[in-house]
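Visitor: Please take me through one part of this model up close. I would like to look at the charged side chains and how they pair.

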Amino acid sequence: MSRTAYRTCPLCEALCGLELTLEGDQVTGVRGDAADPFSRGFICPKGATLGQLDGDPDRLHAPLLRDHTAPAREDDAPHHVEVDWTAAFEAAERGLRRVIDEYGKDAVAVYIGNPTAHSIAGPLYGSAIIKSLGTRNVYSASTADQMPKHVSCGHLFGNPMAIPVPDLDRTDYLLMLGANPLESNGSLCSAPDFPGRLKALRARGGRLTVVDPRRTRTARLGDRHVFIRPGTDAYLLIALVHTLFAEELVTLEHEVNGLDDLRALAVEFAPEAVASVTGVPAPTIRTIARELAAAERAAVYARIGTCTQAFGTLASWLVDVLNTLTGNLDRPGGAMFPRPAHTPTYRIRRRPYTTGRWHSRVRELPETNGELPIATLADEIETPGEGQIKALITIGGNPVLSAPNGARLDGAFSGLEFMVSVDPYLNETTRHADVVLPPPRPTQTGHYDFALLGFAVRNYARYSPPVLPLPEGRPSEAEILARLAVIASGLDAAPDALDEMIIENTLAKAAAMVGSPVHGRKVSELRPLLDGDTGAELRLDMMLRLGPYGDGFGADPDGLTLTGLRDDHPHGIDLGALEPRLEEVLWTISGRIELCPPTFAADVARLRAGLEDADLGDGFLLIGRRHLRSNNSWLHNVPELVGGSNRCTLQLNPADADRIGVAAGEVVRIVSRVGALTATAEPTSEIMPGVVSLPHGWGHDRPGTRTRVAQDNAGVSVNAVTDEQEIDPLSGNAVFNGVPVRVEAVREGEREVSGKR
């Protein structure tokens, strides 16, 4: 007999509600949840395949141990065998404790991948593992993605998580850079049916300007598409700032520091001065600045294309400088701060935001937000000496395909003394692991978007309880991570003791804090009021009760609790449109927006030095590419998601194709400082001359993996040619856009000697 269940899609940042049809323990149908007040039935091709992902026969259902005694194979692939959970955790404990006891805690590194942001367990327990280890060698997908935005908001607002999002449903003018939400579904801006929201913007008379080196699907929807040379968005943005000052178009609605310093910095960056660097004509720059200033409600939004470049932090900073200078920060229709249900509003701390509290051992790169750049992980593993990384814990990531110079990282992992991975697949990274601990299927896992609800374009909350029970003896993902945290601590304790300790400490702090809804109350009174079947649910209930819509542990009987959210709002609850709340998120010492932080002002010298460096010669600049049916490397084992438009080709302008003598379907070689690969050429007029594009997350051709569909549709890894030495110095973020490469035709006789990396 079939039944219906509802849950939030865990596959991207859009937060879409799904309606699942199940036969027994199998998902037989997926459609959009029409009753979800946020997504209203919208579904994309990724969400429609959740059933195939959930039932993927290559998904690991039992832990794996690497068998180092097995005879060597010709392909040098690692050997793994299934074991029970007790044996797996015992092996993890032996391996980690041996490395810690012999080399110290910094000899163990932690890498946290992108999928953890789409889970309930990752945000709750990842930090506990790090704290238990006490290691400074922490890495994540953040420095391959959005770290510049955290750093820029940290300096502007004193709060690295206070990231404004465009108020899509009320804006009259949207300037978008380096983003393609019609294929990515949006990022650091959670908006189900992003395409529909952009169409609605235009239908109500608003305007959309898209700046991108490619004429993407999003660009085709806009009123204006502006080609820009990759890596030069900061030049365009500071020229817009220049124009606002020069034409007296600045409107300030908030108190700021550094206005005159900012004005002085922008003087040299007139539109005419940056036109040759950016490829954007000066009149176009002036027109955009005037439109931003004249619009009744406007927002500037920039994403991964602007973050993953050499000026990523400057570009991220200037986006919110523009939102501030046009009077559109923290106002309806502008760039606003969501108020997630699980985040208390009474935690206001006035202390400087800092980076560089410690530095990496080899390249002396500064820490940002408690982690080091992924671009230097291979250095720390390969370089001998005190503090060398000897062991690694990976949680939901595949840095061999997602980090710069992935081939080097692949080799570095093979030299580790011990490695533990929490992952549902034996993939290009986890094949190196000594212990692989697979989390359960999505349908067996509760879901709440701790990370993503802080970027939603409406205030909204939804909890999805598990659709199916866990098999007997099968730990949840939360239990797996909690067990690793206990192992890392060296204590002899049960995993649920970790949850109880966190709950008690959190309630004690809340009770002691003026402004808290439980100020002055006792923990012994509060703890019994929590409801939940697991430690993760108990902690979520606590956070909702302490949050801005919560019941305050009985203080507001109509307030939000986990039980109410789950039982009374199974499709989610709309908590209202975004409201001005700058005072809640502004944590600077001055209590003002720090519009021109000294570290950013100093880095503008790099922009100034590049004003005359606009000649590419015969080379090309490489950029990435989004696919609607893809999300980094972790959906390529679903048959429905690896065909159609998901083509792992090198896009280049037809004039460039003619110049190097290559036609559509022929093979080209892409060469950079770090390596080379071959790909099929796809000439298209939708990419600007001098620019080439490869999609991200492919290259599933290494031995020892167990992802048959991905292997049959391997593609090539763009990170065979991205350079780990190139980073944004302010954030440590890797540079994936604007990578200098040489592209050449591969003739018939050369194909045999042309490798993929």
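Guide: Start with Arg224 and Glu291, which form a salt bridge. Their closest N and O atoms lie 2.8 Å apart. Keep in mind that this is a predicted model. The pair links distant parts of the chain. Arg224 sits in strand S11, residues 224-226. Glu291 sits in helix H11, residues 282-294. The two are 67 residues apart. Now check how covered each partner is. Arg224 has a relative accessibility of 17%, so it counts as buried. Glu291 is buried too, at 18%. The cut-off for buried is under 20% relative accessible area.

Why can such pairs arise at all? Side chains of opposite charge can pair when their charged atoms come close.

Next, turn to helix H9, which spans residues 259-266. Here the side chains of Arg263 and Asp260 meet in a salt bridge. The N to O distance is 3.9 Å. A salt bridge requires a distance within 4 Å, so this pair qualifies. Arg263 and Asp260 are three residues apart in the helix, so about one helical turn separates them. What about cover? Arg263 is partly exposed, with 37% relative accessibility. Asp260 is exposed, at 56%. Exposed means over 50%, so Asp260 passes that mark.

A further pair is Glu584 and Arg581. Their side chains also meet in a salt bridge, at 2.8 Å from N to O. Glu584 is partly exposed, with a relative accessible area of 24%. Arg581 is buried, at 10%.

Salt bridges can also share partners, and one network here is built that way. It joins Arg363, Asp379, Glu382, Arg408, Arg673, Asp723 and Glu724.

How many salt bridges does the structure hold? The count is 49.

Finish with charges that gather on the surface. Asp84, Glu90, Glu93 and Asp492 form a patch of negative charge there. Take Glu93 from that group. Its place is in helix H2, residues 85-103. Glu93 has 36% relative accessibility, so it counts as partly exposed. A patch residue needs over 30% relative accessible area and no salt bridge. Glu93, at 36%, is above that area cut-off.

Look back at the three pairs. Arg224 and Glu291 link distant parts of the chain. Arg263 and Asp260 share helix H9. Glu584 and Arg581 pair a partly exposed residue with a buried one.

Conventions
Residues numbered from 1 in each chain as written. Predicted model: local features only at pLDDT ≥ 70, side-chain atom pairs only at ≥ 80, totals over all residues. Heavy atoms only, no water. Helix = DSSP H or I, 4+ residues; strand = E, 2+ residues; numbered from the N terminus. Buried < 20%, exposed > 50% of the residue type's maximum accessible area, 1.4 Å probe, protein only. Patch = residues over 30% accessible without salt bridge, like charges linked within 9 Å, V, L, I, M, F, W, Y side chains within 5 Å. Areas by Shrake-Rupley, 256 points an atom, 1.4 Å probe, with all protein chains shown as cover. Lys, Arg positive; Asp, Glu negative; His and termini not counted. Charge placed at Lys NZ, Arg CZ, Asp CG, Glu CD.
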